[in-house]
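Let's take a walk through this structure together. Have a look at the sequence and the fold below, and then we'll go piece by piece.

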Amino acid sequence: NLMNIPYVVTLNHFMEDTDEEINLLKKLLSSYQKDLVINNVYLEGGKGALELADAVLKLENHEMKYLYNDQNTLKEKIEIICKQCFHARSVVYSETALEKIRDAQKLPSMPICIAKTQYSISDDPKKLGYPKDYEITVKDIRVYNGAGFITVYLGSIMTMPGLSKSPAALSIDVKDDKIVNIY
């Protein structure tokens, strides 16, 4: 556990889940000395999460170990996370990212949040499983000064998926003192 954070492994149980699948997962987890907590929220609502809630409450208090500290530069923070968490060999930066990093260095130190594909621990959705020793690309960064953090964008990532070319919000209007076209 890289950051010394205690955790519970849980399975959102669905009717289609077979005993064979659940037992296979339990066996795999036992090799890591972890138990599987089944939660039945889908079938039972909040009552189905009571076992999970109890397991979380029983976690020991641990002091979290941070990967970087406030004194690290923005590039150092990015490289520490990319190498230690994502197992990248090296980090390359687009010109846009480098320019924004130079500007961000003038600001007070802030924690970073890394946005990447959900399909892989890398920046490439085709690198499935547990890739190691690859090159990871920082395409862009955005400073959220009010919130107090910086988001680092790896690879090609869509940040607002699902919007159509003409969102329904464009049709909302006020006519005769009433809001119209809210769906």
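We'll begin with the sheet, move on to the helices lying across it, and finish at a residue in a loop.

Keep in mind that this is a predicted model. Its open sheet has 4 strands, in the order E3-E5-E6-E4, with mixed pairing. E3 and E4 stand at the edges with a single partner strand each, so one side of each has no neighbour in the sheet. From one strand to the next, the twist averages 35°.

Now for the pairings themselves. Strands of a sheet pair through backbone hydrogen bonds, and they can do so parallel or antiparallel. Here, E3 (residues 90-93) runs parallel to E5, and 4 bridges join the two. Tyr-93 sits opposite Val-138 in E5. On to E6 (residues 149-154): this strand is antiparallel to E5, with 6 bridges between them. Along that pairing, Val-143 faces Ile-150, while Ile-141 stands opposite Val-152. E5 and E6 make a hairpin with 4 residues in between, and Gly-148 in the turn has a positive phi of about 85°.

What lies across these strands? Helix H4 (residues 74-84) lies across E3, E4, E5 and E6, at about 135° to E3. Helix H5 (residues 95-104) lies across E3, E5 and E6, running at about 45° to E5.

Last stop: Thr-117, in the loop between E4 (112-115) and E5 (135-144). Is this residue buried or exposed? With a relative accessible area of 8%, Thr-117 counts as buried, because the cut-off is under 20%. Its side chain reaches the backbone nitrogen of Tyr-119 at 3.2 Å. Beyond its neighbours within four places in sequence, Thr-117 touches Ser-122, Asp-123, Asp-124, Pro-125 and Ile-157.

How values were computed: Residues are numbered from 1 along each chain as its sequence is written. This is a predicted model: local features need pLDDT of at least 70, side-chain atom pairs count only at pLDDT 80 or more; totals for chains, interfaces and linings use all residues. Side-chain values use heavy atoms; hydrogens and water are left out. Buried means under 20% relative accessible area, exposed over 50%, partly exposed in between (1.4 Å probe, protein chains only). A polar contact is a pair of N or O atoms within 3.5 Å; within protein, one must be able to donate a hydrogen and the other to accept it, and residues adjacent in sequence count only if both atoms are side-chain atoms. Contact means heavy atoms within 4.5 Å. Two strands pair if DSSP finds at least two bridges between them. Axes are lines fitted to C-alpha atoms, for helices over the stretch in contact, and angles run from 0 to 180 degrees between N-to-C directions.
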